[in-house]
Amino acid sequence: AEGPREPSQDMSDSKRCFEADKIKGNPKYLTYDDDRIIGQKAPELSNMEWLTDVKEYPKPEKGDIVVLFVWAQFQKACYPKIVLYSTLAEFYKKKAVTVIGVSTDPDTSYAKKWIEDPKKKYSTAFPTKFAITFDKDKKIKEYLSREMRAPLNVPHTFVIKDDKIVWHQQHSELGATAPTHMAIMEDQLELLLAGKDIKKVNGPAPKNEDEDEDEDEEEDDDDDE
């Protein structure tokens, strides 16, 4: 499959929020053109428990974009992503883009300990500039896992426009590919804000050997009949 393009080809570096580096990304975390979640209905967020000063789900107007970042405090990899999404939220705050974080922790104390952070142990290093909600019944995680037909191992990001998921970004647990991943997503946001469709960049997902074996077994069963 063709690797991700360099976003700086399309946008001036001086106007970028993120610059692409030379890392092409682990294939495990690429968004392929046939990603099952793209095109599906967005999850319901109106009944979530908000942990920041947002008291209810922002009601985006037609054409507005919601960037839904699903994360968990107990995963250390999510801390640097929080910094990245704070940067993204600040960069797009005057545009029709809303960044929302979804905590999938066991309870709210995991996220609150650094959101409230009275001793400034976390917030100085990991500022939060976007709204955060708590997936208390795990409804969001269950819905997204079901639509992806795979366990939702956070962190994942889902870009929503007109109540549809139009882009899905996975993140390396080590964070090494974060600059490239964020730059690619920024390109997609710019296309969406311009009223254009996202650009397909990685081709269809490669089949693994297990999938090939399953198909062979199904064909053998048909022959037996």
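## Exercises on a predicted model

Apart from its neighbours within four places in sequence, T108 touches E49, L51 and F134, where contact means heavy atoms within 4.5 Å. The model is predicted, so local features need pLDDT of at least 70 and side-chain atom pairs count only at pLDDT 80 or more, while totals for chains, interfaces and linings use all residues. Residues are numbered from 1 along each chain as its sequence is written, and side-chain values use heavy atoms, with hydrogens and water left out.

**Exercise 1.** Locate T108 and decide whether T108 counts as buried or exposed.

*Solution.* Step one: T108 lies in the loop between strand 3 and helix 2 (109-115); helices (H or I, at least four residues) and strands (E, at least two) are DSSP runs, numbered from the N terminus. Step two: the relative accessibility of T108 is 16%, so T108 counts as buried. The classes are buried under 20% relative accessible area, exposed over 50% and partly exposed in between (1.4 Å probe, protein chains only).

**Exercise 2.** Determine the strand order of the sheet and identify the edge strands.

*Solution.* Step one: the open sheet has six strands in the order 1-4-3-2-5-6, with mixed pairing. Step two: strand 1 (49-50) and strand 6 (164-170) each have a single partner strand, so one side of each is left without a neighbour in the sheet. Two strands pair if DSSP finds at least two bridges between them. Step three: strand 1 runs antiparallel to strand 4 (residues 131-134), to which two bridges join it; W50 has T133 as its bridge partner.

**Exercise 3.** Describe the surroundings of strand 5.

*Solution.* Step one: six of the six residues of strand 5 are buried, so this strand is largely enclosed by the rest of the structure. One side carries H156, F158 and I160, the other T157, V159 and K161. Step two: six bridges link strand 5 to strand 2, antiparallel, with V67 opposite V159. Step three: six bridges also link strand 5 to strand 6, antiparallel, where H156 is partnered by Q170. These two strands form a hairpin with two residues between them, and D162 in the turn has a positive phi of about 50°.

**Exercise 4.** Assess the confidence of the model.

*Solution.* Step one: pLDDT, the predictor's confidence in each residue from 0 to 100, averages 76 over the protein, and 68% of the residues score at least 70. Step two: among the elements, strand 5 has the highest mean (92) and helix 5 (residues 209-224) the lowest (49). Step three: over residues 211-219 the pLDDT is below 50. Where pLDDT is low, the predicted coordinates should not be read in detail.
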